[in-house]
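Reader: I am new to this structure and would love a close look at one part of it. Could you take me through the pairs of charged side chains and then show me what lies around them?

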Amino acid sequence: MTSSKNPAPEPQPGPGQPKYAERSFRSAAGVAGGALMLAITLWLGIDAIVRGTGNTPWVALALMLLIVPLIVAFTLRPVVRAGEDRILVRNPFRTISASWGAVEGLRAGYSTELFAEGRKYQMWAIPVSMRARKRAARAASRAATGGEPGVTPGSRAGTEDATRAWSDRVVDELRELAQRHGGREGAPSEVTVRWAFEVIAPAVAGAVVLIVLLAIG
């Protein structure tokens, strides 16, 4: 038994079973902050390499080798991708791929979490903001008491979005996808986890080089 699709519903989904494109979710603020930190790190590091004397250029190079992969790992790398067959969670140091049949639940508490095959995986790309939740709760309270000026039946969808924090809306959407695709006949149940050695290896190498330089300096 492989992940081959049933020939009837997949090629011709029909009006009741539309074809869904893969969706990606990530924190825009995290990406922007990571790009800014990366630019500052590269600017300071290259300046130290060009103008530094003695061991300074080598220390700067080792620091860049250590810091740049960590910045990328915690800000630019995290993403959650959801398609018809599976959900992919790319965290700083691991990538988790789970078929919808293996997904047991999704939760947004103090962090967003995926439960699959008896294990829990945090979704770094969808951070929970308590401030955003409080702001959404205030908007929901105003909407419930009729205090939202200018709200009409046609603008109700936008108001409902404003009364839910972004992380909660994303988890709701992922739950809907899990319910829709996880119950399909013949849906596989598998989870794979891969370590991000392309991030871990240079960071460890930079740390080792930095320790050696500081020891002999």
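Author: Let's begin with Asp 47 and Arg 51, whose side chains meet in a salt bridge, with N and O 3.3 Å apart. Both residues belong to helix H1, which covers residues 28-51. They sit four residues apart, about one turn of the helix. Please keep in mind that this is a predicted model.

How open to the surroundings are these two partners? Asp 47 has a relative accessibility of 34%, so the residue counts as partly exposed. Arg 51 reaches 67% and therefore counts as exposed. As a general point, side chains of opposite charge can pair when their charged atoms come close.

The pair in H1 has company, as the structure holds eight salt bridges. Another of them joins Arg 23 to Glu 173, and here the closest N and O atoms are 2.4 Å apart. This pair links distant parts of the chain: Arg 23 is in strand E1 (residues 23-25), while Glu 173 is in helix H5 (residues 166-182), 150 residues apart. Arg 23 is partly exposed, with a relative accessible area of 24%. Glu 173 is partly exposed too, with a value of 25%.

Now turn to Glu 198 and Arg 77, which form a salt bridge with their closest N and O atoms 3.4 Å apart. Glu 198 lies in helix H6 (residues 197-216), and Arg 77 lies in the loop between helix H2 (56-76) and strand E2 (79-82), so the pair ties together parts that are 121 residues apart in sequence. The two partners fall into separate classes of exposure: Arg 77 is buried, with a relative accessible area of 8%, whereas Glu 198 is partly exposed at 44%. There is a third member to look for here, since Arg 77, Arg 194 and Glu 198 are linked in a network of salt bridges.

Glu 198 also leads us into H6, so let's follow that helix. H6 has 20 residues and reaches 28 Å from its first C-alpha to its last, close to the 28 Å expected at 1.5 Å a residue. Its buried residues are Val 199, Ala 203, Gly 206, Leu 210 and Leu 213. Seen down the axis of H6, these buried residues fall within an arc of 90°, so they line one face of the helix. What do they pack against? The buried residues of H6 pack against H2, the helix that comes before the loop holding Arg 77. On the face of H6 turned away from its buried side you will find the exposed residues Phe 197, Ile 211, Ala 215 and Ile 216.

Finally, let's step back to the whole protein. There are six helices and eight strands, and along the sequence they follow the pattern β-α-α-β-β-β-β-β-β-α-α-α-β-α. Buried residues make up 30% of the 217 residues. Among contacts between residues at least 6 apart in sequence, 63% join residues at least 24 apart. The protein exposes about 13,000 Å², and carbon and sulfur atoms supply 61% of that area.

Definitions and conventions. Residues numbered from 1 in each chain as written. Predicted model: local features only at pLDDT ≥ 70, side-chain atom pairs only at ≥ 80, totals over all residues. Heavy atoms only, no water. Salt bridge = Lys/Arg side-chain N within 4 Å of Asp/Glu carboxyl O. Helix = DSSP H or I, 4+ residues; strand = E, 2+ residues; numbered from the N terminus. Buried < 20%, exposed > 50% of the residue type's maximum accessible area, 1.4 Å probe, protein only. Contact = heavy atoms within 4.5 Å. Areas by Shrake-Rupley, 256 points an atom, 1.4 Å probe, with all protein chains shown as cover. Expected span 1.5 Å × (residues − 1). Arc of directions from axis to C-beta.
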